[in-house]
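Open your viewer and get ready for a short walk through one protein chain. At each stop you will select something, look at it, and then move on.

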Amino acid sequence: MFGNDPLMQRAMQMGRGKNPQQLQETVRNLARQRGMDDQQLNQLLSQFGLRI
């Protein structure tokens, strides 16, 4: 589905070899770089049935 998308390929590469806590911190850091706080991030993730 996302195999040819360069952004998804980069995201998958960033996630390799990380434990769940490290993945959460990576996601939070990426969200902060985009100007999102934790509440906004959780609202976005809840649309996909996810939470951190």
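Start with the whole chain and its charges: there are 7 positive and 4 negative ones, and the mean positions of the two groups are 6 Å apart. Keep in mind as you look that this is a predicted model.

**Stop 1: the whole chain**

Switch to a cartoon view and follow the chain from its beginning. You will meet three helices and zero strands, in the order α-α-α. Now show just the C-alpha trace and turn it around: along its principal axes it spans about 30 × 20 × 20 Å.

Next, turn on the surface. The accessible surface comes to about 4,700 Å², and carbon and sulfur atoms account for 52% of that. How much of the chain is buried? Of the 52 residues, 10% are buried.

**Stop 2: colour by confidence**

Colour the chain by pLDDT. The mean is 89, and 94% of the residues reach 70 or more. Select residues 6–15, which form helix α1: confidence is lowest here, with a mean of 84. Then select α3, where confidence is highest, at a mean of 95. A good habit for any model: where pLDDT is low, the predicted coordinates should not be read in detail.

**Stop 3: the salt bridges**

Now show side chains. Side chains of opposite charge can pair when their charged atoms come close. How many salt bridges does a search of the whole structure find? The search finds three, and you can visit each one.

Select R28 and E25. These two form a salt bridge, with their closest N and O atoms 3.3 Å apart. Both sit in helix α2 (residues 20–33), and because they are three residues apart there, about one helical turn separates them. Is R28 buried or exposed? R28 has a relative accessible area of 17%, so it counts as buried. E25, at 37% relative accessibility, is partly exposed.

Keep R28 selected and add D38. Their side chains also meet in a salt bridge, at 3.8 Å from N to O. This pair links distant parts of the chain: R28 belongs to helix α2 and D38 to helix α3, with their positions 10 residues apart in the numbering. D38 is partly exposed, at 35% relative accessibility.

Add R32 to the selection. D38 forms a salt bridge with R32 too, and here the closest N and O atoms are 3.9 Å apart. R32 counts as partly exposed, at 46% relative accessibility. With E25, R28, R32 and D38 all on screen, you can trace one network, joined by salt bridges that share partners.

**Stop 4: a nonpolar patch**

Hide that network and select L44, F48 and L50. On the surface, these residues form a nonpolar patch, with about 310 Å² of accessible area together. Where does L50 sit? L50 is in the segment after α3, the helix that covers 38–46.

**Stop 5: a distance to try**

Finally, select Q40, which lies in helix α3. Its relative accessible area is 37%, so Q40 is partly exposed. Add Q9 and use the distance tool on the two C-alpha atoms. Q40 and Q9 are 31 residues apart along the chain, and their C-alpha atoms are separated by 24 Å.

Definitions and conventions. Residues are numbered from 1 along each chain as its sequence is written. This is a predicted model: local features need pLDDT of at least 70, side-chain atom pairs count only at pLDDT 80 or more; totals for chains, interfaces and linings use all residues. Side-chain values use heavy atoms; hydrogens and water are left out. Patches are made of residues with over 30% relative accessible area and no salt bridge: like charges are joined within 9 Å, nonpolar side chains (Val, Leu, Ile, Met, Phe, Trp, Tyr) within 5 Å. Accessible areas come from the Shrake-Rupley method with a 1.4 Å probe; for residues, only the protein chains shown count as cover. A salt bridge is a side-chain nitrogen of Lys or Arg within 4 Å of a carboxyl oxygen of Asp or Glu. Helices (H or I, at least four residues) and strands (E, at least two) are DSSP runs, numbered from the N terminus. Buried means under 20% relative accessible area, exposed over 50%, partly exposed in between (1.4 Å probe, protein chains only). Lys and Arg count as positive and Asp and Glu as negative; His and the chain ends are not counted. The place of a charge is taken as NZ of Lys, CZ of Arg, CG of Asp or CD of Glu. pLDDT is the predictor's confidence in each residue, from 0 to 100.
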